[in-house]
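Before reading on, please look at the sequence and the model side by side. The paragraphs after them move from the whole chain to a helix pair and then to individual side chains.

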Amino acid sequence: MIFRQKYLLALLGTLLLFNSSLFSDTRPNIILVMVEKGIKEISKKVTEEAGETAIAAVTNDGRLIDESADLLFHLIVLLKSQELSFDEVLIELERRNTNQ
């Protein structure tokens, strides 16, 4: 349980950062736009962000944290679009950790 709480707090911090930059009154709600496009488009975005995260790590261009945040954000949108939650992912990680 402590494992999950620690990571949920980190995740909350990431989402708060996205809320301040992505959900302004002058731009459409990015989550709604993505969900309206459907699961294939959301999945493409997750794949794109995973690639950018890997490239940032390999090139050491200083963008690894930024790209990781983008990847987490889009993964959460993907999970939500499938009526799943990031908490369920953390439960699975915790289960795997306790089975070792």
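What follows takes up the overall fold, the contact between two helices, and the salt bridges in turn.

The model is a predicted one, and its protein chain contains five helices and zero strands, so that, read along the sequence, the pattern is α-α-α-α-α. Of the 100 residues in the protein chain, 22% count as buried. Where contacts in the protein chain link residues at least 6 apart in sequence, 60% of them join residues that are at least 24 apart.

One helix pair can be followed in detail, namely H3, which covers residues 39-59, and H4, which covers residues 64-81. The axes of H3 and H4 come within 8 Å and cross at roughly 160°; because an angle over 145 degrees counts as roughly antiparallel, H3 is roughly antiparallel to H4. The crossing in which H3 passes H4 is left-handed. On the H3 side the contact includes Ile39, Ile42, Val46, Ala50, Thr53 and Ala57, while among the residues they and their neighbours in the contact meet on the H4 side are Leu64, Leu71, His74, Leu75 and Leu78. Taken by residue class, the contact of H3 with H4 divides into eleven nonpolar, five polar and five charged residues. The charged residues in this contact include Lys45, Glu49 and Glu52 of H3, as well as Glu67 and Asp70 of H4.

Lysine 44 also belongs to helix H3, and with a relative accessibility of 51% this residue counts as exposed, because the exposed class begins over 50%. Although lysine 44 and histidine 74 are separated by 30 residues in sequence, their C-alpha atoms are 9.8 Å apart in space.

The side chains can next be read through their charge pairs, since the structure holds seven salt bridges. One of these joins lysine 45 and glutamate 49, whose closest N and O atoms are 3.4 Å apart, and both residues lie in helix H3, four residues apart, which is about one turn of the helix. How do the two partners stand in exposure, buried or partly exposed? Lysine 45, at 25% relative accessibility, counts as partly exposed, whereas glutamate 49, at 3%, counts as buried, because the buried class lies under 20% relative accessible area.

A second pair in helix H5, which covers residues 86-98, consists of arginine 96 and glutamate 92, again four residues apart and about one turn of the helix. The side chains of arginine 96 and glutamate 92 meet in a salt bridge at 2.8 Å, N to O. Arginine 96 counts as partly exposed at 49% relative accessibility, and glutamate 92 likewise counts as partly exposed, at 26%. Elsewhere, salt bridges that share partners join Lys45, Glu48 and Glu49 into one network.

A further salt bridge is formed by aspartate 66 with arginine 63, the closest N and O atoms being 3.4 Å apart. Aspartate 66, at 41% relative accessibility, counts as partly exposed, and arginine 63 is also partly exposed, with a relative accessible area of 36%.

How values were computed:
Residues numbered from 1 in each chain as written. Predicted model: local features only at pLDDT ≥ 70, side-chain atom pairs only at ≥ 80, totals over all residues. Heavy atoms only, no water. Axes fitted to C-alpha atoms, helices over the stretch in contact; angles between N-to-C directions. Helix = DSSP H or I, 4+ residues; strand = E, 2+ residues; numbered from the N terminus. Parallel < 35°, antiparallel > 145°, perpendicular 65-115°, else oblique. Left-handed = near helix turned anticlockwise from the far one by under 90°. Contact = heavy atoms within 4.5 Å. Nonpolar A, V, L, I, M, F, W, Y, C, P; charged D, E, K, R; others polar. Salt bridge = Lys/Arg side-chain N within 4 Å of Asp/Glu carboxyl O. Buried < 20%, exposed > 50% of the residue type's maximum accessible area, 1.4 Å probe, protein only.
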